[in-house]
Amino acid sequence: MPDSEKTDSMTADVRSEVKRLRDALHHHNYRYHTLDDPEISDTQYDRLLQRLLELERAHPQLLTPDSPTVRVGAPPLEKFETAAHSVPMTSLDNAFSDGDILYFDQRVRKLLDTGKPVLYTAEVKIDGLAVEMVYEKGRLVQATTRGDGARGEVITDNIRTIRSVPLVLRATGSWPVPDLLDVRGEVFMDRAGFSSLNIHREKSGLPLFANPRNAAAGSLRQLDSRITATRPLKIFCYGVGRFQGPRPHTHGRLLDCLATFGFTVNPLTRAALSITAVLAFYRELAATRNALPYDIDGMVIKVDELADQERLGAKARSPRWAMAYKFPAAQETTRILDIEVQVGRTGALTPVAILEPVSVGGVTVSRATLHNEDDIAQKDIRLGDTVFVERAGDVIPRVVKAVTSHRTGAETVFRMPAACPVCGEPTVREIDAASGKRGAVTRCVNAACPAQVRENIRHFAAKGAFDIDGLGDKLISRLVDRQLIQNAADIFDLTKDTLADVDRMGEKSAENLAAAIEQSKRIPFSRFLFALGIRYVGEGVADLLARAFPDLNTLMAADKDRLLAVDGIGERIAESLVHYLSQPRNREMIHRLLDSGISIRYPETEGTGRLTGKTFVLTGTLSTMTRAQAKQHIGRLGGKVTGSLSTHTDFLVAGAAPGSKLAKARNLNIRILDEEAFQQLLSDAPGSS
């Protein structure tokens, strides 16, 4: 037999064995991690994996990204790239009492315009790191962190090292594998794995991790995925973004579907619960949480019907169909040594308790917010008090209450200063326009206050805004103190020579900063809006505005009604925008920014065509397409979809079981389209007027 034929035969045999080994390893991963019902021992599994490694090393042309051997990691990256989430990964609103959950249920039923009970899925809230995994034709092609909700860091190599993550989806008779699937999950480290990791680090002379969440986050964000591969990471999957193909109608069945594909879903998840059963399950979890092998900080409640989730939609930063019911935070006692008053970028004065350091839930706490003067008075908290401290939502330290029985008489009552502690100008407590009552927040109204200037510039230059590398807090303070910058526009007047004269700034540092300032001038519209520091306009709201308005001039000319027509923009945000953009000093600063050479990148329009300039609102359920698909069709033809009706709305698309929007549309004389008329509008060649 010729040598070439022998080689071909051997290669065919090797390919066959490699395929058999990979299929077997994927199967045993599923049995072990998803079903918790292994068919072979760990030693047998390791033998199969070792044999596959040997074959791939001998025949590197056979190595593929979905091979189980990628669990060992890949060579280090220089830095993480970022990628956009096709569907934003929003955060959740929090509830802290049964009353909050009952109000959530009441609001859901009101928005759905139904008198019938709504069923929910309840899941444990894992204290970990949210990620998204993208599968094309059933194969993992990309994984990202949640990031800011719109974009996340690409961590594909690191995610592949987690054994409970399927590299190839299982095809079963229950549900066909979708052509495109975005799966969301929470990566975490259980207590045993965390303890083992810290023991190993201690023996190696390395610093210990403070808690399992920090350990998981640090492990997942390693530039060298071979390090990640050595960490005991796990994942529970809880939802999807895109799902191209037939899918279940409820969230509970969706999770069952993910499990059949090979994903690990938390076994404590319960579906189709009444709101009463939800509350009972919460109490059950609260009583047993310490017995679980991993940390949880609450329960997540989701409307079970996926069609209802689509009808409810989302606010700027959170869905209307889900809520996190948090457990009471861990508490410790300590003593208030002092109360400092900080001045924020909006002039708000915030009292901060300086504490005797105390460990709360594995984190050392030495400072805690006291919110405002009314909060301090209501809790009767005094300087020198012994107090209970907790990490609210297991994250933000706060003072809960004073232990009055420990008082000695030396404690003193706190008063908010009548003058700004930074600039010395008088402080005021504003009157709430809606209620006519005195507001809770004390403010410094001096826009030139150095503290406000510093905080505004820090916000302007931060990541998520202009992201000016090298313009840190200490340098900003020096530039403000020398009056080289008094607002954000002054940044772009700085030169290399000016910067080189600033204390502790070398020539090379000045050159680098000048280059970073110049590089920052090309910026997306949403980040430009966020950088302005407009009250209530965070990154999520800025993104909504950037997509709703074609350019800055149109936004600056918009009135309150036009702003309210944007889905996710409420009264408070609209009023804040109108106020900010009407102030001469703010408009002058914006014009100075543009005159300095800043180039705003506007989002690419989703489409131009016969629906350009037309605004749609959707209500009810469509039988031939999902709400997301309807939005895509409208967007491709140049139209926009908002969540609320106004005089600016052109069409209401009414599917089955429409809500109260139908009657409102009739009152406003808005054209109403049933599903047939809507489809006709999408397919018609003529204009849509």
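**Two helices and a sheet**

Hi everyone, let me start with a pair of helices: H20 and H21 are roughly perpendicular to each other, because their crossing angle falls in the 65 to 115 degree range that earns that description. The angle itself is roughly 75°, and the axes of H20, residues 571-582, and H21, residues 584-595, come within 5 Å. Please keep in mind that this is a predicted model.

Which residues make the contact? On the H20 side we have Tyr580, Leu581 and Ser582, and H21 brings Pro584, Asn586, Arg587, Met589 and Ile590. By character, the residues of this contact split into 5 nonpolar, 2 polar and 1 charged.

Now, over to the sheet. It is an open one with 4 strands, ordered E5-E4-E7-E8, and the pairing is antiparallel. At the edges sit E5, residues 139-145, and E8, residues 234-244, each of them pairing on one side only. From one strand to the next, the twist averages 25°.

Let's look at the E7 and E8 pair. E7 covers residues 180-188 and is joined to E8 by 8 bridges, with the two strands running antiparallel. If you'd like a spot to find on screen, Leu180 stands opposite Gln244 in E8.

And what packs on this sheet? Helix H8, residues 251-261, does, touching E7 and E8, and its direction makes about 110° with that of E8. There is also helix H6, residues 212-220, which lies across E4, residues 129-136, and E7, running at about 40° to E4.

That's my tour, thanks for listening!

Definitions and conventions: Residues numbered from 1 in each chain as written. Predicted model: local features only at pLDDT ≥ 70, side-chain atom pairs only at ≥ 80, totals over all residues. Heavy atoms only, no water. Axes fitted to C-alpha atoms, helices over the stretch in contact; angles between N-to-C directions. Parallel < 35°, antiparallel > 145°, perpendicular 65-115°, else oblique. Contact = heavy atoms within 4.5 Å. Nonpolar A, V, L, I, M, F, W, Y, C, P; charged D, E, K, R; others polar. Pairing = 2+ DSSP bridges.
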